[in-house]
Amino acid sequence: MNWSKFFLVGGYGLYVWGSYGVTFVLLGGEVLMLLKRKRDIRPKRASLGNVQIINSQLENSFQEIQ
(Lines give C-alpha, C1' and ligand atoms only; values in the text may rest on other atoms or scores of the structure.)
Protein backbone atom coordinates (compact mmCIF):
# COMPACT_ATOMS: atom_id res chain seq x y z
CA MET A 1 0.00 0.00 0.00
CA ASN A 2 1.25 3.43 -0.93
CA TRP A 3 0.82 6.29 1.56
CA SER A 4 -0.03 8.79 -1.16
CA LYS A 5 -2.94 6.58 -2.27
CA PHE A 6 -4.07 6.39 1.35
CA PHE A 7 -4.08 10.17 1.75
CA LEU A 8 -5.65 10.80 -1.67
CA VAL A 9 -8.59 8.47 -0.81
CA GLY A 10 -9.41 7.82 -4.44
CA GLY A 11 -9.32 11.49 -5.40
CA TYR A 12 -11.51 12.66 -2.51
CA GLY A 13 -8.71 13.25 -0.04
CA LEU A 14 -9.29 17.00 0.18
CA TYR A 15 -12.92 16.49 1.19
CA VAL A 16 -12.27 13.57 3.52
CA TRP A 17 -9.30 15.05 5.38
CA GLY A 18 -10.81 18.52 5.28
CA SER A 19 -13.96 17.24 6.98
CA TYR A 20 -11.86 15.49 9.62
CA GLY A 21 -9.91 18.70 10.17
CA VAL A 22 -13.03 20.85 10.52
CA THR A 23 -14.58 18.32 12.90
CA PHE A 24 -11.52 18.22 15.16
CA VAL A 25 -11.25 22.03 15.18
CA LEU A 26 -14.93 22.38 16.13
CA LEU A 27 -14.67 19.70 18.83
CA GLY A 28 -11.58 21.39 20.23
CA GLY A 29 -13.40 24.73 20.24
CA GLU A 30 -16.33 23.16 22.06
CA VAL A 31 -14.04 21.75 24.76
CA LEU A 32 -12.35 25.14 25.18
CA MET A 33 -15.70 26.93 25.45
CA LEU A 34 -16.90 24.42 28.07
CA LEU A 35 -13.73 24.91 30.12
CA LYS A 36 -14.11 28.69 29.90
CA ARG A 37 -17.77 28.49 30.95
CA LYS A 38 -16.82 26.26 33.90
CA ARG A 39 -14.10 28.72 34.94
CA ASP A 40 -16.53 31.67 34.67
CA ILE A 41 -19.25 29.95 36.74
CA ARG A 42 -17.05 29.16 39.76
CA PRO A 43 -16.77 32.78 41.05
CA LYS A 44 -20.52 33.27 40.54
CA ARG A 45 -21.27 30.20 42.67
CA ALA A 46 -18.95 31.45 45.40
CA SER A 47 -20.60 34.87 45.39
CA LEU A 48 -24.04 33.23 45.55
CA GLY A 49 -22.91 31.35 48.64
CA ASN A 50 -21.80 34.65 50.20
CA VAL A 51 -25.18 36.21 49.39
CA GLN A 52 -26.95 33.35 51.16
CA ILE A 53 -24.75 33.82 54.24
CA ILE A 54 -25.44 37.56 54.25
CA ASN A 55 -29.17 36.97 53.85
CA SER A 56 -29.22 34.55 56.78
CA GLN A 57 -27.26 37.04 58.91
CA LEU A 58 -29.72 39.81 58.00
CA GLU A 59 -32.67 37.57 58.87
CA ASN A 60 -31.10 36.73 62.24
CA SER A 61 -30.43 40.37 63.07
CA PHE A 62 -33.95 41.32 61.96
CA GLN A 63 -35.40 38.65 64.25
CA GLU A 64 -33.29 39.96 67.13
CA ILE A 65 -34.64 43.48 66.59
CA GLN A 66 -38.26 42.31 66.78
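This passage walks through the fold, the surface and a few local features of a predicted model.

The overall architecture is quickly told. The protein has two helices and zero strands. Helix H1 spans residues 3-8 and helix H2 spans residues 13-65, with a loop between H1 and H2 that includes Val9. Of the 66 residues in the protein, 2% are buried. The accessible surface of the protein amounts to about 6,400 Å², and carbon and sulfur atoms account for 67% of that area.

A nonpolar patch is a helpful place to begin on the surface. The patch brings together Met1, Trp3, Phe6, Phe7, Val9, Tyr12, Leu14, Tyr15, Trp17, Tyr20, Phe24 and Leu27, and together these residues offer about 1,500 Å² of accessible area. Helices H1 and H2 each supply at least two residues of the patch. The biggest share comes from H2, which gives six residues. One of the patch members, Leu14, is found in helix H2. Leu14 counts as exposed because its relative accessibility is 71%, and the cut-off for that class is over 50%.

Val9 deserves a closer look, as this residue belongs to the nonpolar patch and also lies in the loop between H1 and H2. With a relative accessible area of 33%, Val9 is partly exposed; membership of a patch calls for over 30%. The backbone adds a point of interest here. Phi of Val9 is near 45 degrees, a positive value in a residue other than glycine. For context, most residues other than glycine have a negative phi.

Turning to charged groups, side chains of opposite charge can pair when their charged atoms come close. How many salt bridges does the count come to in this model? The count comes to one salt bridge, formed by Lys36 with Asp40. The closest N and O atoms of this pair are 2.9 Å apart, and the cut-off applied is within 4 Å. Both Lys36 and Asp40 lie in helix H2, where they are four residues apart, or about one turn of the helix. Are these two partners buried or exposed, or in between? Lys36 has a relative accessibility of 45% and therefore counts as partly exposed. Asp40, at 34% relative accessibility, is likewise classed as partly exposed.

Taken together, helix H2 holds the salt bridge partners Lys36 and Asp40 and also gives the most to the nonpolar patch.

Note on methods: Residues numbered from 1 in each chain as written. Predicted model: local features only at pLDDT ≥ 70, side-chain atom pairs only at ≥ 80, totals over all residues. Heavy atoms only, no water. Patch = residues over 30% accessible without salt bridge, like charges linked within 9 Å, V, L, I, M, F, W, Y side chains within 5 Å. Areas by Shrake-Rupley, 256 points an atom, 1.4 Å probe, with all protein chains shown as cover. Salt bridge = Lys/Arg side-chain N within 4 Å of Asp/Glu carboxyl O. Buried < 20%, exposed > 50% of the residue type's maximum accessible area, 1.4 Å probe, protein only.
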